[in-house]
Structures are given as C-alpha cells and as structure tokens.
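The following exercises are meant to be worked with the sequence and the coordinates side by side. Each task is followed by a solution that proceeds step by step.

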Amino acid sequence: MELLKQKIKAEGRVLNNSLLKVDSFLNQQIDAELMVKIGEEFARRFAGETITKILTIESSGIAVALTTAIVLKVPVVFARKRKTAIESTDLYSTNVYSFTKKETNEVTVAKRFLAETDKILIIDDFLANGEAALGLAKLVAQAGAETVGIGIVIEKSFQPGAEKVAAAGYHLESLVRIKSFTNGQVDFL
Ligand code: G4P
C-alpha cells in the first residue's frame, strides 16, 4: 500500500534494528483518514472471503479493525489482554508471549462473541513473531469457528511471524512488508 509506505517513510522512526515507532499515526495518535483507507484496502484484499466478524486485540488493532468492519458491514470483537472489572468465567483464553515486551499476557474473549458458525478475519497492526495473530487464531479454533484470513498493517518480514502464519495455512495479507532497518532507514520488500 503505497500511501502507507509514504507515511512510514515520512513519520516512522527506526529505534534499533528491529523496532519501528509509528505512534504519530497508528499506536498513539491515530490518523483517522489513513485508518479509513487501510480499512478499504483490507476489505478489497479479502473480497473473495466470506467474513462474518473481525477479531483483533487491544489496543492498536482496534482502529484498523473498526474501519475494515465498517466497509465489510460486520461486527468487531477485540480480545483483551487485561481482565475486566466484571470477571467472566465464560472466556476463551490463550497465553501470548511478546518477544518485544518480554512478557506473557493471558488473552481472552467472551465465549458469547464467537460462534461455531463464524468466519473470522483477524486484523492487527504489527506482525513480528506471530504470537498475537496465532493466539487469536487459537481463540477462534476454541470456538469451533473458522479463521478465513489474517490482515496485518505492518509486517516485519525479517522476523518469523509471517512464515509461521503461512506455514499454519492462513491467508495472510500485509499492507506493507519490511525487509530490514538499515542506518535508520526502512527497507520495504
Ligand atoms: P507478535 O505478536 O507478532 O509476536 O509480536 P510481539 O509479541 O513481538 O509484539 C508485541 C507488541 O509489540 C504488540 O503490540 C505489537 O504490535 C508491538 N510491536 C511489535 N513490533 C513492533 C514494532 O516494530 N513497532 C511497534 N510500534 N510495535 C511493535 P501490543 O503490545 O499489543 O501493544 P498495543 O497493541 O497495545 O499498542
């Protein structure tokens, strides 16, 4: 997605050889107009799939999941990384380890929001090691539902996530794919 590449070139900050900061438009301040275009692009790329619901994970996946859902006219469910004040026991749950943050989160979604008949599109902002995306796919499997695709805004192709997702047989669409960060520059695939 050319517009997204231009945005990353203009505003992304390479922190080291594996981390890209995009908090001016995706991870803290949100460029609403860009989110709309991202939603349209995901909808176009998954046009061949039957989708009944979008599943993402809090917090940065929510904006792009929402704009995609508006185009596809389906609901969005987001998995939680923290327990809510009102505890529920009726949860699908899996542990997701973050190599970036060096912590494990129990990721949950209330059972009533995923049905056996659902055809789920998983959407997230970054694909690094694939833990979050594959964790969400596990929640879908626990429900007996089907993951029909995984849509990622920024894939860091030099990390193992994309290969793991492809090896698991999922239809993966990444809007931009990053080959490497060299000398503070982003090299796209
Ligand atoms: P993985 O899910 O693909 O295995 O990735 P990993 O555990 O390494 O990433 C954990 C968190 O760090 C995720 O956000 C992910 O989106 C984010 N992340 C990974 N690589 C980058 C990067 O290069 N730049 C930025 N900005 N974020 C990255 P999170 O903890 O779920 O945070 P949030 O969604 O609440 O913002």
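**Exercise 1. Decide whether T56 is buried or exposed, and describe its surroundings.**

Step 1. The model is a predicted one, and in it T56 has a relative accessible area of 0%. Buried means under 20% relative accessible area, so T56 is buried.

Step 2. Looking at the secondary structure, one finds T56 in strand β3, which covers residues 53-57.

Step 3. The side chain of T56 comes to 2.7 Å from the backbone oxygen of I123. Once neighbours within four places in sequence are set aside, the contacts of T56 include I123, D124 and L136, together with G61, I62 and A65; V76, V77, F78 and A79 are also among them.

**Exercise 2. Classify F113 by its accessible area and find which residues it touches.**

Step 1. F113 has a relative accessible area of 34% and is therefore partly exposed. Its place is in the loop between β6 (103-110) and β7.

Step 2. Not counting residues up to four places away in sequence, F113 touches K53, V77 and D118. Of this group, K53 is 60 residues from F113 in sequence, while the two C-alpha atoms are 9.3 Å apart in space.

**Exercise 3. Identify the side chain that E173 joins through a polar contact, and list what E173 touches.**

Step 1. E173 belongs to strand β9, and its side chain makes a polar contact of 3.1 Å with that of R45.

Step 2. With residues up to four places away left out, E173 touches R45 as well as F42 and F46, and it also touches I150, G151 and I152.

**Exercise 4. Describe the largest nonpolar core and state which elements supply it.**

Step 1. The largest nonpolar core has 31 residues, and those with the most contacts inside it are L4, I8, L20, L26, I38, V153 and I154.

Step 2. Two or more residues each come from helices α1 (2-11), α2 (23-27), α3 (32-45) and α4 (61-72), and likewise from strands β7 (119-127), β8 (146-156), β9 (172-182) and β10 (185-188).

Step 3. Another core, of 23 residues, lies apart from this one and has Y92, V96, L114 and V165 among its members.

Step 4. To follow one residue of the largest core, take I8: beyond its neighbours within four places in sequence, I8 is in contact with L20, F25, I154, V176, V186 and F188.

**Exercise 5. Work out which residues surround the ligand and how much of its surface the protein buries.**

Step 1. The ligand is surrounded by 22 residues, of which L20, S60, K81, T100 and K101 are the closest.

Step 2. An N or O atom in the side chain of T100 is 2.4 Å from an oxygen atom of the ligand, and a polar backbone atom of A132 is 2.9 Å from a ligand oxygen. A nitrogen atom of the ligand, in turn, is 2.7 Å from an N or O atom in the side chain of K156.

Step 3. Taken alone, the ligand exposes 720 Å², and the protein buries 87% of that area.

**Exercise 6. Compare the radius of gyration of the protein with that of a compact globule.**

Step 1. A compact globule of 189 residues would have a radius of gyration near 16 Å; the protein has 16 Å, and the two therefore agree.

Step 2. The C-alpha trace spans about 50 × 35 × 35 Å along its principal axes, and the protein has six helices and ten strands.

Step 3. Buried residues make up 46% of the 189 residues. Among contacts with a separation of 6 or more, 62% are between residues 24 or more positions apart.

Key: Residues numbered from 1 in each chain as written. Predicted model: local features only at pLDDT ≥ 70, side-chain atom pairs only at ≥ 80, totals over all residues. Heavy atoms only, no water. Core = buried A, V, L, I, M, F, W, Y, C linked by side-chain atoms within 4.5 Å. Buried < 20%, exposed > 50% of the residue type's maximum accessible area, 1.4 Å probe, protein only. Helix = DSSP H or I, 4+ residues; strand = E, 2+ residues; numbered from the N terminus. Contact = heavy atoms within 4.5 Å. Near = heavy atom within 4 Å. Polar contact = N/O pair within 3.5 Å; in protein donor to acceptor, adjacent residues only side chain to side chain. Areas by Shrake-Rupley, 256 points an atom, 1.4 Å probe, with all protein chains shown as cover. Rg over C-alpha atoms; globule rule 2.2 N^0.38 Å.
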